[in-house]
Amino acid sequence: MSKKRLLIVGGVAGGASCATRARRLSEDSEIIIFERGPYVSFANCGLPYYIGNVITKEEKLLVASPKLFKERFNIDVRTNSNVLLIDRKKKEIEVEDLKNGKVYRKKYDTLVISPGSAPIKPKLEGIELPGIFILRTIPDMHQIINWIKAGKIKNAAVVGGGFIGLEMTENLKRLGINVTIIEMQKHVMPVIDPEMAAFIHGHLYSHKISIHLGSAVSGFNEEKDGTISIMLESGISISADMVILAIGIRPEVELARKAGLSIGNYKGILVDDQMQTSDKSIWAVGDAVEVKDFITGSQTLVPLAGPANRQGRIAADVILRGSSNSPRFRGVQATSVCGVLGMTIASTGATEKLLRRIDRYHELEQYEKIYLHPDHHAGYYPDAKTITIKLIFSTKDGRILGAQAIGKTGVEKRIDVIAMAIQQKGTVFDLEEAELCYAPQYGSAKDPVNMAGMIAANVLRGYSSVAHWENLAKSDPYILDVRDPIEFSKGHVENAVNIPLNSLRCRMSELPRDREIWIYCFVGQRSYYAERILFQNGYKVRNISGGFLLYRAVKKVKGNTMNQ
Ligand SMILES: Cc1cc2nc3c(=O)[nH]c(=O)nc-3n(C[C@H](O)[C@H](O)[C@H](O)COP(=O)(O)OP(=O)(O)OC[C@H]3O[C@@H](n4cnc5c(N)ncnc54)[C@H](O)[C@@H]3O)c2cc1C
C-alpha cells in the first residue's frame, strides 16, 4: 500500500462520521467503508416517523449516498458488504460481497469498527411468526409498512416501553391503529425513575393506549383468524394483528470477539478514552463500545446517536493527528429525549435508580432530590404548559448528578441546559445563577432551570427541609395541606389537615409543636411559603417535594394527566 489505508466497518452514525472527519483531516488517506446493509448513512432515528407518515419521502431518510461519499469526500463506500473477520496478524479484513457471494480480503493500516447494536430477539415460542417485527434498518421498516398495507391492522402490540417502543406507539396510533404496550418492568421508559414515569402512564391512558406492566412475554401463538396471541408470564394473553418487538438491544461484538479484542463486563468492546481498542491499530465507536458513565465513573453502554457521532470524530482525529493533538471522550451522561403523543420526556445524568444501585455512590455520595412543576413560559402568557422536573444533586457540594423532565413543551431545552452544567461539573448554585433567555413567550424571568437551582440551593443552605412521599408511611408525621378548601375537597392525602396558606398565621396555634409537620400544596410553592412561616415560629417542618401533583400521579388518584 502506498497511501495509508483506513478501513471502516459499519457505515451509519459512528462509521460515517468517522470517515468524513478523516477525509477532512487527510486528503492523502485511502478511506473505504464496508456496510452490510443496502444503505449507508441513513437516519435510523427517523424510521418510526416514516412508518407514521410524518416523514413522507423515503429519500429524506438517506442522509448521504455512496455516490455523494465518492464525489464529495472521495470515500469508497461498499454496501451489501459483510465483514466476516479481522485478521490482526496480517492487518486484513475478510469481506463477503452479499450481492454475489464473493469473499475477498483487504489490508488496512488502521481499522475502525462501528457495527452498532442489534435488537434483542429472545428464543421464545412463536417469535418467528409472520407479523412480529423488529426495527433497526430501512428493510425492517419496509416489512412493517408492507404488513400494515397488506392487512386490515386494527390492533398492534408493542413489546417494550422504551424509546423505540414509545415512538412506534405514537406512529402506529397516528395510522389509526389501537396500541397495547407490554413492558416487563413496572413502568415504561426504564431510563427514568418510576414516579416520573407515572406521568407518562397517565398520558398514555388518556390517549387510549393500553399498558401491561410488570410481566414478560412468554411466547406467541398464531390464531385461526390470523391474529397473534401474545402470552404473558402473568397468564394474560393479548391479541394483536401485529407485534413490534422493542425490548432492547445488544452490542454487535462478534467480529471484535472473534478477533480477540477485549470485551467488557457489559459485553461491549473495551476502548480507552480515545476509542482505541486493545489492538493499537483498531478503534471502535458507537453502540458496540463500553464507555465511562460521566457521573459514576463506572462502565456502561449508552446506545445513542450523539455519542456515536462524537466518538467517530474523535477516532478519526486520533488516527490522523495523533493522540496528544486530539480530544478525549469525556464519558456519557445518557442525555436523551423522547416524544410520545404530545408529551416530551427528557433526562440527563444519573437516575435515582442508578445511584441506589451503585454502592460507591450510596456510601460515599449522599444525594438529595427535589421536584418542581413550573410553567414552560410566563404563566400570564397564553398556553403555558407545566413541566415536571426532578433534580438530583450531591448534598456534599451541590454537584448536579441528574435531571429528568416531562411535559408538553420546553422540556428538552431545560434538560439540555442542565446536561451542559453536568458536563462542566456544575452545581445547583450554578443553575440558580444561570443567565438564560427570557421573553414571555419563551420562558420566565426565573426560568425552570433557575427555579430548580434555587429550590435545591434552599435545601443545601438550610432554608428548606424536603420530605418525600415515599417516606410518609414510615415517618408518621402530622400532614398539613395548605391549599384552598375547594382544592382540598377535590382530593387530598389521607389524614391531612387543611389550613390554607393565607389563614396560617392566624391558625398556627392549632398545629402540634412536638411533632414533625410535613406540608404540601399542589406543586410545592405555597407549602414552601408555609414552611418558612412555621419554621420561623419554631415548628419542626418539612416541605413535601413535588406536592399533590406528584402524589396524585404516583397514587393514580383521579385522572393523572398534566395541565388540567
Ligand atoms: C428506530 C431507531 C430509532 C432511534 N432513535 C434515536 C434517537 O432518536 N436518538 C438517538 O440518540 N438515538 C436513536 N437511535 C439509536 C442510534 O441510531 C444509534 O445509537 C446509532 O445509530 C449508533 O451508531 P453506530 O454507528 O454505533 O451503529 P449503527 O448506526 O447501527 O450502524 C452500524 C452499522 O454497521 C453495520 N454492520 C454491523 N456489522 C457489520 C459487519 N460485520 N460488516 C459490515 N457492516 C456491519 C450495520 O449494518 C449497521 O448499518 C435509534 C435507533 C433506532 C434503530
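Which residue stands opposite Lys369 in S24? It is Ile392, and the sheet around this pair is a good place to start.

## About the model

This is a predicted model, in which local features need pLDDT of at least 70 and side-chain atom pairs count only at pLDDT 80 or more, while totals for chains, interfaces and linings use all residues. Residues are numbered from 1 along each chain as its sequence is written, and side-chain values use heavy atoms, with hydrogens and water left out.

## An open antiparallel sheet

Lys369 and Ile392 face each other where S23 pairs with strand S24 (residues 387-394) in the antiparallel sense, over six bridges. Strands here are DSSP runs of E with at least two residues, and helices are runs of H or I with at least four, both numbered from the N terminus. Two strands pair if DSSP finds at least two bridges between them. In general, strands of a sheet pair through backbone hydrogen bonds, either parallel or antiparallel.

S23 and S24 belong to an open sheet of five strands, ordered S21-S22-S25-S24-S23, with antiparallel pairing. At its edges lie strand S21 (336-340) and strand S23 (367-372), each pairing on one side only. From one strand to the next, the twist averages 10 degrees. Angles of this kind are taken between N-to-C directions and run from 0 to 180 degrees, with axes being lines fitted to C-alpha atoms, for helices over the stretch in contact.

## Strand S10 and its parallel partners

Let's move to strand S10 (residues 155-159), where four of the five residues are buried. Buried means under 20% relative accessible area, exposed means over 50%, and partly exposed lies in between (1.4 Å probe, protein chains only). S10 runs parallel to strand S11 (residues 178-183), joined to it by five bridges, and Asn155 stands opposite Asn178 in S11. Between S10 and S11 the chain passes through helix H5 (residues 163-174), making a right-handed β-α-β crossover. Right-handed here means that, with the strands pointing away from the viewer, the path from the first strand over the helix to the second runs clockwise.

S10 also has a parallel neighbour in strand S16 (residues 242-245), with four bridges joining the two. Here Ala156 has Met242 in S16 as its bridge partner.

## A hairpin and two lysines with positive phi

Strand S14 (residues 228-232) pairs with S15 in the antiparallel sense over four bridges, one bridge partner of Met231 being Ser237 in S15. The two strands form a hairpin with four residues between them, and Gly235 in the turn has a positive phi of about 100 degrees. Strand S15 (residues 237-240) has two contrasting faces: Ile238 and Ala240 are on the covered one, Ser237 and Ser239 on the uncovered one.

Most residues other than glycine have a negative phi, and most peptide bonds are trans. Lys91 has a positive phi, near 50 degrees, and is found in the loop between strand S4 (81-87) and strand S5 (92-97). Its relative accessibility is 28%, so Lys91 counts as partly exposed. Lys267 also has a positive phi, near 65 degrees, and is found in the loop between helix H7 (254-258) and strand S18 (282-284). Lys267 is exposed, because its relative accessible area is 52%.

## Helices H1 and H8

Two packed helices are described by the angle between their axes and the distance between the axes. For helix H1 (residues 13-25) and helix H8 (residues 305-321), the axes come within 7 Å and cross at roughly 35 degrees. The crossing of H1 past H8 is right-handed, meaning that the near helix is turned clockwise from the far one by less than a right angle, with anticlockwise giving a left-handed crossing.

Among the residues that meet are Ala13, Gly14 and Ser17 in H1, and Ala308, Asn309 and Gly312 in H8. Contact means heavy atoms within 4.5 Å. By class, this contact of H1 with H8 has eight nonpolar, four polar and five charged residues. Ala, Val, Leu, Ile, Met, Phe, Trp, Tyr, Cys and Pro count as nonpolar, Asp, Glu, Lys and Arg as charged, and the others, Gly among them, as polar.

## Two buried residues

Ser527 is found in helix H17 (residues 525-536) and counts as buried because its relative accessibility is 0%. Leaving aside neighbours within four places in sequence, Ser527 is in contact with Val482, Ile519, Tyr520, Cys521 and Asn543.

Thr300, in strand S20 (residues 299-300), is buried too, with a relative accessible area of 17%. Not counting residues up to four places away in sequence, Thr300 touches Val289, Glu290, Val291, Lys292, Asp293 and Val332.
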